[in-house]
Every structure is written in structure tokens, then in C-alpha cells.
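Open the model in your viewer and keep the selection panel at hand. The stops below are in walking order.

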Amino acid sequence: MKPVLNAVIFAASLLANASLSAGEQTVTLNVGGMTCVSCSYIVRQTLAQVDGVSDVDVSLQKKVATVTYDDQKSSAAVLAAAVTAMGFPTTPAAR
């Protein structure tokens, strides 16, 4: 009986972990107007403050930001709007 119970607990933990990460998404944003290191810093800090964002990588050279976020708390449109509001026209990159 104990091995069956252990198997059930293990399976339940796998399902719980899968549902916790199901909302994690990564999006690449095209960011216009970035011309210097300060610009990329502002973009990074702006995105990091959006609720649900867990990781931000900004490339000044490529003029993109790659953002990992919880899609239950934010969206690509919200992320783009936050950066655009700071003066950097931003759109989600085409896949």
C-alpha cells in the first residue's frame, strides 16, 4: 500500500509543478529608440517592474528585449505598452 501511496504523491507533485509553470511565457520585443547604455537600462528596469516578470534581457545592439513573464499576471501587450510609455516605441517581435 505504501508504494502506491508514494506513487500517487509523486504524480500529484508532478501535476502541481506542471500547472505552476504553465503560465510562464517568453516574448521578444522590438524596442525602438534605444541609442545608449542608459536607454537599455531604462528598458530593463521598466520591464522588471511589471507584475509577473521574472527575467529580462535587453540587447542594445539588436534593439530587442527578451522577457519571461507569468501570463496570468501580464501579457506581451502590457509589456510593450510599459516600455512605449517610457519613450521607446515597442512591439512584440513576429515569430
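Which backbone oxygen lies 2.6 Å from a polar atom of the side chain of Thr90? Select Thr90 and look at its side chain: the oxygen belongs to Phe88. This is a predicted model.

Stay on Thr90. It sits in strand E4, residues 90–92. Its relative accessibility is 7%, so Thr90 counts as buried. Now add Leu29. Thr90 and Leu29 are 61 residues apart in sequence, yet their C-alpha atoms are 6.4 Å apart. Show the contacts of Thr90 beyond four places in sequence: Leu29, Asn30, Val31, Ala80, Val83 and Thr84.

Next, the core. Select Leu29, Val31, Val43, Leu47, Val67 and Leu79: these have the most contacts inside the largest nonpolar core, a set of 19 residues. Color the elements that give two or more residues to this core: strands E1 (24–31), E2 (53–59) and E3 (64–70), plus helices H2 (37–48) and H3 (76–85). H3 gives the most, with four residues.

Zoom in on Val43. Leaving out residues up to four places away in sequence, Val43 touches Val31, Met34, Val58, Ala65, Val83 and Phe88.

Last stop: the cysteines. How many disulfides does a search of the whole structure find? Zero. Select Cys36 and Cys39. The sulfur of Cys39 is the nearest cysteine sulfur to that of Cys36, at 3.4 Å. A disulfide needs the sulfur atoms within 2.5 Å, so this pair does not count as one. Compare their surfaces: Cys36 is partly exposed, at 31% relative accessible area, whereas Cys39 counts as buried, at 11%.

Notes: Residues are numbered from 1 along each chain as its sequence is written. This is a predicted model: local features need pLDDT of at least 70, side-chain atom pairs count only at pLDDT 80 or more; totals for chains, interfaces and linings use all residues. Side-chain values use heavy atoms; hydrogens and water are left out. Buried means under 20% relative accessible area, exposed over 50%, partly exposed in between (1.4 Å probe, protein chains only). Contact means heavy atoms within 4.5 Å. A polar contact is a pair of N or O atoms within 3.5 Å; within protein, one must be able to donate a hydrogen and the other to accept it, and residues adjacent in sequence count only if both atoms are side-chain atoms. A nonpolar core is a set of buried Ala, Val, Leu, Ile, Met, Phe, Trp, Tyr and Cys residues joined through side-chain atoms within 4.5 Å.
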